[in-house]
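Here are a few exercises to work through with the model open in your viewer. Try each task before you read its solution.

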Amino acid sequence: MVGSKVKTTHGFKLYYHKAENKRFPETIVFVHHMWGNHKTTWRHYRLLNEWGYDCVTFDLIFGNSLKKDSFHPYIKYLPKSIYYIWEKQIDDVLEAVEGDKIVYSFSGPSVPAINSIVKRNDIKKYICDGGPFHNIYSCTRNFFSKEVGIKKPFLNIPITFFGTLIWSGTHAVKTAHQSLKNWNKRIPILSIRGIEDDIVPIHNIRDLFARHPDLNVSVLELPKGKHLDGLREFPEEYQ
């Protein structure tokens with residue numbers, strides 16, 4: 001069931017999906033993937049509603065269209081990268097959701113998600129599907145080639161360069177490692193990966209977490225999984 005919409009301090013709409021029979025105190029906050037929106041995670045939040053969790057979704061600014069959100073005051077931070085804007089937005093969203101929370105992020109936006117989580121003491125668990133990852137440039141190249149259809153090198157190379165620069169800047173991976181270095185060890189992490197992921201090859205996720213062996217990380221690697229298709233294609237294993 002979708003409850004009333006609530007706006008954060010900076011005007012971001014929160015969409016509440018209430019469990020009919022709430023069994024857990026934490027609210028699950030979803031951070032959707034690039035080119036997604038607050039509806040993209042419907043399979044996930046409906047399942048978790050059934051299990052007894054209240055869930056919240058929202059739209060990442062510039063996460064679906066640069067033109068759509070160009071009026072928002074956060075446009076002034078664009079020179080610092082869209083990841084920086086997303087981190088500020090996630091800060092605002094997490095502050096607006098009352099009580100203890102579980103953060104559930106997807107793909108590239110997992111980097112700003114962990115950068116926001118590390119600042120807080122009300123996040124009890126973290127789930128990340130298809131990210132965070134190393135080699136943002138090569139994964140962005142795969143995204144434009146396989147998802148957008150820009151395969152010719154003379155177009156793909158400059159668009160990938162521009163996309164990487166505007167989305168994540170030059171320090172995204174460095175900030176991710178810094179956040180994991182400062183991570184509250186009491187917050188367990190569930191990392192979900194597809195072994196056949198052709199957007200974010202699995203070694204990019206494995207290598208990132210391998211540098212932080214002291215973290216409490218549980219891993220689900222789906223043998224036939226691709227990018228973010230786990231719950232849709234392998235529901236029993238995913239659940």
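A residue counts as buried when its relative accessible area is under 20%, as exposed when over 50%, and as partly exposed in between. Keep in mind that this is a predicted model.

**Exercise 1.** Work out whether each partner in the salt bridge of Lys22 and Asp54 is buried or exposed, or in between.

*Solution.* Start with the contact: the two side chains meet at 3.4 Å, N to O. Next, place the partners: Lys22 sits in the loop between β2 and β3, while Asp54 belongs to strand β4, 32 residues apart. Now apply the cut-offs. Asp54 has 6% relative accessibility, so it counts as buried. Lys22 comes out at 44%, so it is partly exposed.

**Exercise 2.** Do the same for Arg120 and Asp122, then find which network they join.

*Solution.* Their salt bridge spans 2.9 Å, N to O. Arg120 is at 19%, so it counts as buried. Asp122, at 12%, is buried too. Now widen the view: salt bridges link Glu95, Lys101, Arg120 and Asp122 in a network.

**Exercise 3.** Describe the lining of the largest pocket.

*Solution.* First, the space: about 580 Å³. Then count the lining, which has 27 residues, with His33, Met34, Ser107, His227 and Leu228 nearest the centre. Sort them by type and you get 15 nonpolar, 8 polar and 4 charged. Finally, ask which element gives the most: that's α4, with 5 residues.

**Exercise 4.** Trace the nonpolar surface patch that includes Tyr137.

*Solution.* Tyr137 is in helix α4 and, at 32%, is partly exposed. Its patch partners are Ile157, Phe161 and Leu165, and the patch covers about 400 Å². Helix α5 gives the most to the patch, with 3 residues.

Key. Residues numbered from 1 in each chain as written. Predicted model: local features only at pLDDT ≥ 70, side-chain atom pairs only at ≥ 80, totals over all residues. Heavy atoms only, no water. 1 Å grid on protein atoms, 1.4 Å probe; cavity = no way out; pocket = protein on both sides within 12 Å on 5 of 7 lines; lining within 4 Å. Points joined across faces, edges and corners; volume = space filled by probe spheres on them. Helix = DSSP H or I, 4+ residues; strand = E, 2+ residues; numbered from the N terminus. Nonpolar A, V, L, I, M, F, W, Y, C, P; charged D, E, K, R; others polar. Patch = residues over 30% accessible without salt bridge, like charges linked within 9 Å, V, L, I, M, F, W, Y side chains within 5 Å. Areas by Shrake-Rupley, 256 points an atom, 1.4 Å probe, with all protein chains shown as cover. Salt bridge = Lys/Arg side-chain N within 4 Å of Asp/Glu carboxyl O. Buried < 20%, exposed > 50% of the residue type's maximum accessible area, 1.4 Å probe, protein only.
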